[in-house]
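Reader: I have a two-chain model open and would like to talk through how it is put together. Could you take me around it?

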Amino acid sequence: MTNHWNDIKNANLVLVMGGNAAEAHPVGFKWVTEAKAHNQAKLVVVDPRFTRTASVADLYAPIRTGSDIAFLGGLIHYLLDTDQIQHEYVRNYTDMPFIVKEGFSFEDGLYNGYDADSRSYPDKSEWDYELDDNGHARVDPTLSHPRCVYQLMKKHYSRYTPELVSQICGTPLKRMMQVWDTIAETAVPGKTMTILYALGWTQHSVGSQMIRAGAMLQLLLGNIGMPGGGVNALRGHSNIQGLTDLGLLSNLLPGYLTLPRDNEQDYNAYIAKRAPQPLRPGQMSYWQNYGKFHVSLMKAWYGDAVSAENNWGYDWLPKLDEPMYDVLKVFDMMYEGKMNGYFCQGFNPIAAFPNKAKISAALSKLKYLVVMDPLTTETSEFWQHVDDYNDVDTTSIQTTVFRLPTTCFAEENGSLVNSSRWLQWHWKGAEPPGEAHPDVFIMGGLFHRLRSMYQKEGGVFPDPILNLDWSYERPDEPTPEEIAREFNGKALVDLKDPVTGEVLLKAGQQLSGFGQLRDDGSTSSGCWLFCGSWTEEGNLMARRDNSDPYNMGQTLGWAWSWPANRRILYNRASADPSGQPWDDERKRLVWWDGSKWTGTDVPDFAARSAPEDNMSPFIMNPEGVARFFARGNMAEGPFPEHYEPFETPIGRNPLHPNSAAVTSNPAARVFRNDMEVFGSAEEFPHAATTYRLTEHFHYWTKHNRLNSIAQPQQFVELGEVMASELGIKAGDRVRVSSNRGFIEAVAVVTKRIRPLQVDGKTVHHVGIPLHWGFVGVAKNGYITNTLTPFVGDGNTNTPEFKSFLVNVEKV
Amino acid sequence: MATQDIIARSATTTASPSVRQFDEVAKLIDTTVCIGCKACQVACSEWNDLRDEVGDNVGVYDNPSDLTADSWTVMRFDEHETSEGDLEWLIRKDGCMHCEDPGCLKACPSPGAIVKYDNGIVDFDQDKCIGCGYCVTGCPFDVPRISKKDNKAYKCTLCSDRVSVGLEPACVKTCPTGAIVFGTKDEMKEHANWRIQDLKGRGYENAGIYDPQGVGGTHVMYVLHHADKPQLYSDLPKDPAISPLVGAWKGVAKPLAMLAMAATAAAGFFHYIRIGPNRVSKEDEAAVEHDAAQAGTNSPDAGGTSDER
């Protein structure tokens, strides 16, 4: 979240789109209730289904799954066309005046530089600003230059007329305009809209671009950095935010530092590329500090073994030969027989990943599989024949499965990072049962065995393992407290103020913030973003002071929020260029008091940079402003464009009806064996989407009796019209099939899913919850992901769970 | 609650103690804020240590699909199309309404099996319950359920055990959106009025409180978007009243029944006066002793190991 849960109460309008907050985040949803009760806020829900969130909404609009970019692009067009934008905000705080290079173009659904063979844009150099002789981006404050971002964006979205958008999305025109007009009201400086989204945006082949489109909308309305504004990802697992913060993705390092590619063998070039100079005069370009974060990380990992002489161990870092080894890539490799073993820690791939048949076949090719989990997962039982629910031939599977029971969060101390970016410490509530051990204990044991094997037997590349600094009190089981202190980091020598020479911290003391990090090896920090969470004051994550002196819900004494205990990102933008809040009465966040920045939140800015210095609020960007134009950062292009899901019920992209190449995302990676099992609308006519229910949490709570009582048995949701056409009544058993397999479930026949008129066709949606499987106390069911396609978002490769095609028959 | 807090007992005519005076309490369920998450269902089962069966999906979101002796509250989901063609998903937490004039208590023939406390809570004392099911008939909201395990009636207690020590009911404590609130009945009415004002501002002209007077008002109240049509909410009765049969049993029929019982007693008395005590013959006694001996021999305790699986 750019903002945080409690801050939702400051919103005047809550847009839930690409998510179902009441259903999936019922506890956080209380802040929507607060906004409605005490701020007279309205709630607008846009979703293919009339959800539990819609049940308490002021306005609901149906939309076809996978068409959100069309909806948002149309809204962007509408706001620009009717001039309902926050003018002063966009002129000063965004890239609207920036002039783009001449070579940039967009034609027939493709940007310049596309290579069909590799399904990518290998050369994105023209997707950038025109620079002047000083290396600064050229701008046109009048916004009239034909290649300024404002004009390009206006042109790009001029195709997204209300009529065409309504045809693509299936949203009735009148209702769509009602929603757009309601949203447009927040272009006023004192009114804010918050966007709450979740996997309903993420899990599409154009998911990242959907989220970008939402962010662009918020920029146009001046809602970023504002109380009650922002683009707010509601994270699914309680610590999934922590997972990304700590870089548990194949191409990341902790704190959103990035792993080098294999063509980046030079350390200085690696750093320079990630530490860009400002693109406009007087801008901060905070990533210029990249080297400090990186060196401090390497010191935390390797201690005395790294120094300037060995480039802080740069050669020990893996260099990626692929953009990323995401789950689809890894399982495709496994499926192709290129992997021997797999460690599966805290998740359940056979249930959680698309195309169960492929995952099952892939696991069957392993020599060994290690599953670390508190529960018996389907993955650990993938070899077990369970009726039709897991119809495998056990005798033909030779994979050895090791099951290592782990503790769950309530059985250990530690911190969880929630959607709000708060690190909240928690304390053990119970002793672990049986032989369950913390994951750290298991990983520690594995590390020691590996290291001693390298010591005894050598190896091709032992250095990264042998040199790892493992100075924990009990090496077999480092404590959560030790690890948390390490993430924060400490001074390795006496740290002196560069100006006064005064000793700020003595060697060995905990750092108080990432501003103290240095790139000379004198500091260590396991995750620069977490620096400040465990200082000499102690464990700030354990704070529970909810006082709120300004009544703005910022509660700076509750837990600790990254970065620097800041609750709302980009909050400098909540004040106008002169440094005063856009709305001094209801939206006071930070302001310039004549000598420094201060306020109800920790200012996200240079504390002493006066407004007349003209430093812009988006300090992480080298241009200092927020981007409508993504430059070369997105796989598909700088502006989000609507592409159809890979399985589309209409078979063409109404924006480019004559170009099959751009029906679906041209820059999404597709493996050949998966291309073959995509289905077509002729055979599988219905648009399907998968989702979670409030009664269950993923595949865990079907092990719990009370959750299972509340939602005992697998079902699918069908609209009344479709059900009556197929002769299906509520409670009947139905078979839902895609080109990859089938499931059978109880039919819930509902008014809440209505047929939509899309591109001249009637499109029915089928709603498929995903919680059931073949272990647990709930009634056995089929793995929903038997049905879903094995294709991911063009940037993140998050699978397209939310849009695919099925057929439905009565059993 | 303590016995001195009881102001009404089933099948009892003696006056109740009135040592302590509490304010009347109420639980207010705001259907317009409720998101149907069922956390209240789970909290109820947790607090009261109830574990119902893992059932079946019968084609709706309601699970369990009805109240049972082990599920004292359930969410009922109703889909409603407005005259403008818009959809409303009306979700109502169903359970005991804790009537001011409780039909169950009136119907119950077992002394003290159903009591009402002076704070308004209606509670069942299963120890005294005889499982006759009259409370089920007596309830205008179809709430009590007879357990198949012990043949006794069960329903929501409004967490009388928690309330008696100053805690709110478990469902209130757990509700994430604040759709369920608890306090004195006056406070709850005030809260409801504040909510109704908000709803009217959002276009719900008929928003209102559900506190039906046919049962003297209730200690569980609803805020409804459509207070004029409570039936939309999974058949919440518009004008609930105690069944005339219960009225008849306690009203007209009861004296008649008493009369009949008196007549039976009188008949027995006159029989004794005129004919004398019944006598048991020697043959009768011998037969009874023989049966008892037979029963002893066949008792499974004596040597039975037939079912040790």
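What follows is a short round of questions and answers about this model.

Reader: Before we start, what kind of model is this, and how are residues and chains labelled?

Author: Residues are numbered from 1 along each chain as its sequence is written, and chains are lettered from A and ligands numbered from 1 in the order in which they are written. Local features need pLDDT of at least 70, side-chain atom pairs count only at pLDDT 80 or more, and totals for chains, interfaces and linings use all residues, since this is a predicted model.

Reader: Okay, how far apart do the C-alpha centres of domain 1 and domain 2 of chain A lie?

Author: Domain 1 of chain A covers 6–236 + 624–633, and domain 2 covers 660–810. Those bounds come from an automatic or database domain assignment. Going from one C-alpha centre to the other, the separation is 27 Å.

Reader: And how many residues does each of those domains give to the contact?

Author: Two residues are in contact here if their C-beta atoms, placed from the backbone, lie within 7 Å. On the domain 1 side, the elements giving two or more residues are helices H1 (21–24), H6 (162–169), H8 (199–202) and H9 (207–220) of chain A. Helices (H or I, at least four residues) and strands (E, at least two) are DSSP runs, numbered from the N terminus. The count is 31 residues from domain 1 of chain A and 37 residues from domain 2 of chain A.

Reader: How does that domain 1 side divide into nonpolar, polar and charged residues?

Author: For the classes, Ala, Val, Leu, Ile, Met, Phe, Trp, Tyr, Cys and Pro count as nonpolar, Asp, Glu, Lys and Arg as charged, and the others, Gly among them, as polar. Sorted that way, the side of domain 1 of chain A that touches domain 2 has eleven nonpolar, 14 polar and six charged residues.

Reader: Which element gives the most to the side of chain B that touches chain A?

Author: In this interface, 32 residues of chain B are in contact with 35 residues of chain A. Helix H1 (39–48), strand S3 (74–81) and strand S4 (87–94) of chain B each give two or more residues. By class, the chain B side has 13 nonpolar, ten polar and nine charged residues. The top contributor, with five residues, is H1(B).

Reader: Are H3(A) and H9(A) roughly parallel or roughly antiparallel to each other?

Author: Helix H3 (residues 68–81) of chain A packs on H9(A) at an angle of about 20°, with the axes 9 Å apart. Axes are lines fitted to C-alpha atoms, for helices over the stretch in contact, and angles run from 0 to 180 degrees between N-to-C directions. Angles under 35 degrees count as roughly parallel, over 145 as roughly antiparallel, 65 to 115 as roughly perpendicular and the rest as oblique. So H3(A) and H9(A) are roughly parallel.

Reader: What residues make that contact, by class?

Author: Among those on H3(A) are Ile69(A), Leu72(A) and Leu75(A), while H9(A) brings residues including Met210(A), Ala213(A) and Leu217(A). The contact of H3(A) with H9(A) comes to ten nonpolar, three polar and one charged.

Reader: How about H13(A) and H15(A): what do we call their arrangement?

Author: Helix H13 (residues 327–335) and helix H15 (residues 356–364) of chain A pack at about 55°, with their axes 8 Å apart. Phe331(A), Met334(A) and Tyr335(A) of H13(A) meet Lys358(A), Ile359(A), Ala361(A) and Ala362(A) of H15(A). With that angle, the two helices are therefore oblique.

Reader: Which strands stand at the edges of the open sheet in chain B?

Author: This open sheet has three strands in the order S1-S5-S6, with antiparallel pairing. Two strands pair if DSSP finds at least two bridges between them. An edge strand has a single partner, so one side of it is left without a neighbour in the sheet; here those are S1 (6–9) and S6 (122–124) of chain B.

Reader: What is the bridge partner of Leu718(A) in S30(A)?

Author: Six strands of chain A close into a barrel in the order S24-S30-S25-S27-S26-S31, with mixed pairing. Within it, two bridges join S25 (residues 715–719) to S30 (residues 765–769), which run antiparallel. The partner of Leu718(A) is Val766(A).

Reader: Last one: where is the proline of the cis peptide bond that joins Asn63(B) and Pro64(B)?

Author: That bond has omega of about -5°. Pro64(B) sits in the loop between H1 and S3 of chain B.
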